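Open the model in your viewer and keep the sequence panel in sight. This tour goes stop by stop, saying what to select and what is there.

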Amino acid sequence: MFDKYIQFKREREIGEILSDTFKFIRENIKPLFKILTKTAGVPFIILVFAITYYSYTTGKQSFDLMSILNDSQQVSDGILDFYFSIFLGAIIMLIASAVFYAFLVSTIHYAVKSYMKNEGTILIEEVSLDVKQNWLNYLGMSFIIGILTFIGIMLCFLPGIYIGVILTLMYSIYAFNNLSIGESFSYSFQLIKSNWWMSFFAMLITYILVYILSLIFQLPAIIYMFVKGFAISQEGSLSDPSSMFDWGYVILTAISSIGQYLFYIIFIVACIFIYFNLNEKKNQTGMYDEINSLGNR
């Protein structure tokens, strides 16, 4: 096991961050899957249903609205139903996404922490306990990061990107430095000092890769909708376009959602490597650990 052990506490270039991210996931895919099933399984199922509900109801409502365009009273009622469906679906999906993401991010971070603590072994019970004790704090951090990033983007876009990159480090600082949420918030600005651009490009490249990979899971749903629409037009049944949103569409949408969120693990692990890269540049903790380990032999 030791020869395959990945040392997180060292400086890395962007290429090394990406390669070690995929290496870590590849070599630990089984324990990660088991832990995620235990900690984030139920929130994930709820999220898939929330996304499916949102996609189905908004799509169906939009077609229902199109079918009554000639009746002004029905159009007025249809618009109210349409916006209500969007609002309700969006709220449910937002809450489900936030809860699942809190479990996902905390699980990956504490899995890495267990991996480091046990020199290459991830202990499921150890990770589960940490997640149970801290997922609400990760939920709070997610809302803080999301709100501040959104405000920054609304004000002038670039400040939102700048803040978002910095605050993404909060998750790792909280997990590996044992600081409070407030202390993690403050320390994230200190840690990234003089290294913002490197961190930004590492996150951007990783995010683009994740987006491209997630498109693979979206293709079946896109192809299905295209074929279904073509078949309906050939059959002359356009009077009921809502029939496009059948169980086939619902299932493929769920599969698409599963793929997108699972691939996001790549981005989380890459951000952990980015954190340790910055931490080593600033504190050299990995070097101190090696010196101490040599002294204890």
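## Stop 1: Val-165

Start with Val-165, which is found in helix 5. Is Val-165 buried or exposed? Its relative accessible area is 6%, so Val-165 counts as buried. Now add Phe-200. The two lie 35 residues apart in sequence, yet their C-alpha atoms are 6.2 Å apart in space. Bear in mind throughout that this is a predicted model.

## Stop 2: the whole chain

Zoom out and colour by secondary structure. The protein chain has ten helices and zero strands. Its pattern along the sequence is α-α-α-α-α-α-α-α-α-α. Of its 297 residues, 44% count as buried.

## Stop 3: helix 6

Select residues 170-177, which make up helix 6. How many of its eight residues are buried? Seven are, so the helix is mostly covered by the under-20% cut-off. The buried ones are Met-170, Tyr-171, Ser-172, Ile-173, Tyr-174, Ala-175 and Phe-176. Step on to Asn-178, which follows helix 6 and has a positive phi, near 55 degrees.

## Stop 4: the aromatic cluster

Keep Phe-176 selected. Add Tyr-5, Phe-8, Phe-24, Tyr-115, Phe-273, Tyr-275 and Phe-276: with Phe-176 they form one aromatic cluster. The count for the structure comes to 27 aromatic pairs. One of them is Tyr-5 with Tyr-115, a stacked pair at 5.2 Å centre to centre, with 15 degrees between the planes. Tyr-5 sits in the segment before helix 1 and Tyr-115 in helix 3, so the pair ties together parts 110 residues apart in sequence. Both tyrosines, Tyr-5 and Tyr-115, are buried.

## Stop 5: salt bridges

Show the charged side chains. A search of the whole structure finds six salt bridges. Select these three.

- Arg-10 and Asp-20: the closest N and O atoms are 3.5 Å apart. The pair links the segment before helix 1 to helix 1, across ten residues. Arg-10 is partly exposed at 32% relative accessibility, whereas Asp-20 is buried at 11%.
- Glu-11 and Lys-281: the closest N and O atoms are 3.5 Å apart. Glu-11 is in the segment before helix 1 and Lys-281 in helix 9, 270 residues apart. Both partners are partly exposed, Glu-11 at 37% and Lys-281 at 36%.
- Lys-117 and Glu-126: the closest N and O atoms are 3.2 Å apart. Lys-117 is exposed, with 62% relative accessibility.

Now select Arg-10, Arg-12, Glu-16 and Asp-20 together. Salt bridges with shared partners join these four into one network.

## Stop 6: the largest pocket

Turn on a surface with a clipping plane. The largest pocket holds about 1,300 Å³ of space. Which residues are closest to its centre? Of the 33 lining residues, they are Tyr-101, Ile-145, Tyr-207, Tyr-264 and Phe-267. Helices 3, 4, 5, 8 and 9 each give two or more residues to the lining. Helix 4 gives the largest share, eight residues.

## Stop 7: the nonpolar patch

Stay on Tyr-207 and look at the outer surface. Tyr-207 is also part of a nonpolar surface patch of about 1,000 Å². Other members include Phe-22, Trp-197, Phe-201, Leu-204, Ile-208 and Leu-215. Which helix gives the most to this patch? Helix 8, residues 196-235, does, with ten residues. Finish on Leu-204, found in helix 8. At 35% relative accessibility, Leu-204 counts as partly exposed.

Terms used:
Residues numbered from 1 in each chain as written. Predicted model: local features only at pLDDT ≥ 70, side-chain atom pairs only at ≥ 80, totals over all residues. Heavy atoms only, no water. Patch = residues over 30% accessible without salt bridge, like charges linked within 9 Å, V, L, I, M, F, W, Y side chains within 5 Å. Areas by Shrake-Rupley, 256 points an atom, 1.4 Å probe, with all protein chains shown as cover. Helix = DSSP H or I, 4+ residues; strand = E, 2+ residues; numbered from the N terminus. Buried < 20%, exposed > 50% of the residue type's maximum accessible area, 1.4 Å probe, protein only. Phe/Tyr/Trp six-rings, centres within 6.5 Å; stacked < 30°, edge-to-face > 60°. 1 Å grid on protein atoms, 1.4 Å probe; cavity = no way out; pocket = protein on both sides within 12 Å on 5 of 7 lines; lining within 4 Å. Points joined across faces, edges and corners; volume = space filled by probe spheres on them.
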